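Reader: Hey, can we go through this one together? Put it up and I'll ask as we go.

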Amino acid sequence: MSNVLGIDVGGSGIKGAPVDLDIGDFAEPRLRIPTPGKSSPKNVVAVLREIVDNFAPTIGDGPVGISFPAPARHGVIPFIANLDQGWAGLHAEDYISDALGRPVTVLNDADAAGLGEVHYGAAKGVPDVVILTTLGTGIGSAVINNGILLPNTELGHLEIDGHDAEKRAASSVKDRKKISYKDWATKRLQRYYEVVEMLFSPDLFVVGGGVSKDHEKFFKYLNLETPIVPAQLFNRAGIIGAAWQAQWRLEHLDVTEEAVVEATKKAGDDD
């Protein structure tokens with residue numbers, strides 16, 4: 001299998017690397033370029049082009065997978081918080097693909113990380129439902145069933161006991177309020193994960209985000225039926241997962257935007 005370029009677009013940096021999908025790791029060291037101060041589509045695409053050109057000898061004319069800090073619905077970014085508002089409502093896949101002259105797949109950053117962990121990391125070989133949560137400034141989530149992604153879940157925004165979940169259980173809250181790992185786990189994370197467990201009956205929880213490296217300090221206080229493990233790919237997961245999804249899309253061209261539109265029109269005609 002050829003190397004596929006994965007790119008992770010963040011609020012402060014845009015990182016990319018060719019991924020050897022046979023082993024699920026970088027084929028070359030990643031390249032990081034600061035996100036432009038005005039992170040408009042035009043300015044970000046200029047950085048994406050620089051990354052693509054840098055790795056062109058390795059990736060050839062292959063596809064590119066790009067993770068964004070936002071939902072991506074059939075290639076469209078419906079809203080965005082950490083980049084220029086020019087992205088909101090834009091068909092990012094078409095826009096970037098036209099600019100780069102190659103197939104592009106756009107997906108949410110937590111979704112990309114989840115795919116990376118399922119296919120190459122902590123959840124490799126686990127059947128049925130895997131839920132990845134990233135504990136950081138907020139709580140990101142990815143729900144994957146037998147390798148198939150349910151995109152754009154926002155389980156960090158579940159309302160639990162009258163509160164937006166991430167406003168009580170994100171690791172940033174622990175840091176800001178100087179909560180001990182024990183109190184954070186027993187009084188906040190426990191309630192969050194037991195609600196998600198009740199709603200989805202997953203086979204495995206994978207916990208990502210920077211705090212996952214300290215998992216031994218708080219996993220022991222959680223009382224769940226579902227096994228819970230730390231992520232293994234760390235900051236490589238989004239790039240690796242985005243590359244995997246780009247290749248998957250290329251191999252499943254029948255699953256296209258046109259097919260979705262046609263199915264929607266047919267449903268309307270049937271009504």
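Author: Here we talk about a few strands and one helix.

Author: This is a predicted model, where local features need pLDDT of at least 70, side-chain atom pairs count only at pLDDT 80 or more, and totals for chains, interfaces and linings use all residues. Residues are numbered from 1 along each chain as its sequence is written, and side-chain values use heavy atoms, with hydrogens and water left out.

Reader: OK, is strand S1 mostly covered or mostly open?

Author: Mostly covered: six of the seven residues in S1 (residues 3–9) are buried. Buried means under 20% relative accessible area with a 1.4 Å probe, protein chains only. Strands are DSSP E runs of at least two residues, and helices are H or I runs of at least four, numbered from the N terminus.

Reader: Which way do S1 and S2 run?

Author: Antiparallel, with seven bridges joining S1 to S2 (residues 13–20). Two strands pair if DSSP finds at least two bridges between them. Gly6 sits opposite Ala17 in S2, and three residues lie between the two strands of this hairpin.

Reader: And how does S1 pair with S5?

Author: In the parallel sense, over four bridges, with S5 being residues 64–68. Asp8 has Ser67 as its bridge partner there.

Reader: New topic: how many residues of H7 are buried?

Author: Eleven of its 15, including Trp244 and Gln245.

Reader: What covers them?

Author: Among others, S1, S2, S5 and helix H3 (109–120); contact means heavy atoms within 4.5 Å.

Definitions and conventions. Buried means under 20% relative accessible area, exposed over 50%, partly exposed in between (1.4 Å probe, protein chains only).
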